[in-house]
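Biologist: Before we turn to any particular feature, could you show me how to read a helix and a pocket from coordinates alone?

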Amino acid sequence: MHNRGWRSVYCVTKRDAFRGTAPINLTDRLHQVLRWATGSVEIFFSRNNAILASTRMKFLQRVAYLNVGIYPFTSIFLVVYCFIPALSLFSGQFIVQTLNVTFLAYLLTITVTLYMLAVLEIEWSGIELEVIAGIEISFTLTSKSGGDDVDDEFADLYIVKWTSLMIPPITIMMVNLIAITVGVSRTIYSVIPQWSRLLGGVFFSFWVLTHLYPFAKGLMGRRGTTIVFIWSGLIAITMSLFWVAINPPADTNQIGGSFQFP
């Protein structure tokens, strides 16, 4: 429609014109996002790509459609970003060699920009801050579950079925947990522990795990995430001790490294 030069108006009625149900549990949510991403990729590689649009489409419209078509490809860089902190802890080399003012200014600028975009989207959508804080949340449920949960209005929230889409985030969580424990173990067993270098490496891995906490919570449903972190911690400790045994710290250039005396 926009490609043919038509204009559109976003209409917000006082009374909702349409209402529907949304997936409430983790499995359905993952499959919904996959459908959205697949559709965006199909449009991007079709003749309806905004790059190939006619001159009737305005510049901002072209940018908006490109944003929708390109965003699934950003998942590649996101996965790499989530693994980099763990790789730095495994290798003993910090992600950033020197924490200078330029790097910190760049990091602060990106963080503030993302925060402002989030606030802008929230204000535009009309979502109340109480909802974001977890207060006065109302759920629109799909079909009810049977069995013992028939009287539980949040029964659908706890239904989690295995899907291959869970493999990447679970792998990222496990690798980062193991990397943190490896870094801590290497520092403890070092002749001269360098806790400041370890802190920098652990911070980024913890940052990744913090963002994956909602996924872990949705993965366990009503059982909570405690058991996930307990088992993950035990596996991480076992793997880290094995790693330190076969690859002990050797020099001071590594995170938590030690001096070698002649």
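Modeller: Let us begin with burial, where a residue counts as buried when its relative accessible area is under 20% and as exposed when that area is over 50%. The model here is predicted, and in its helix H2, Arg62, Leu66 and Gly69 are buried.

Biologist: How are those buried residues placed around the axis of H2?

Modeller: The idea is to compare the directions from the helix axis to the C-beta atoms. For Arg62, Leu66 and Gly69, buried in H2, these directions cover an arc of only 65 degrees, which puts the three on the same side of the helix. The face turned away from that buried side carries the exposed residues Leu60 and Asn67.

Biologist: Against which element do the buried residues of H2 pack?

Modeller: Their packing partner is H1.

Biologist: What span should H2 have, given its number of residues?

Modeller: With twelve residues at 1.5 Å a residue, H2 should span 16 Å, and because its end C-alpha atoms are 16 Å apart, the expectation and the model agree.

Biologist: How much space lies in the second largest pocket, and which residues are closest to its centre?

Modeller: The second largest pocket holds about 410 Å³ of space; of the 18 residues that line this pocket, Ile43, Asn48, Asn49, Met57 and Tyr65 are the closest to its centre. Helix H1 (26-44) and helix H2 (59-70) are the elements that each give two or more residues to the lining, with H2 supplying the largest share, four residues. By chemical class, the lining of the second largest pocket divides into ten nonpolar, six polar and two charged residues.

How values were computed
Residues numbered from 1 in each chain as written. Predicted model: local features only at pLDDT ≥ 70, side-chain atom pairs only at ≥ 80, totals over all residues. Heavy atoms only, no water. 1 Å grid on protein atoms, 1.4 Å probe; cavity = no way out; pocket = protein on both sides within 12 Å on 5 of 7 lines; lining within 4 Å. Points joined across faces, edges and corners; volume = space filled by probe spheres on them. Nonpolar A, V, L, I, M, F, W, Y, C, P; charged D, E, K, R; others polar. Expected span 1.5 Å × (residues − 1). Buried < 20%, exposed > 50% of the residue type's maximum accessible area, 1.4 Å probe, protein only. Contact = heavy atoms within 4.5 Å.
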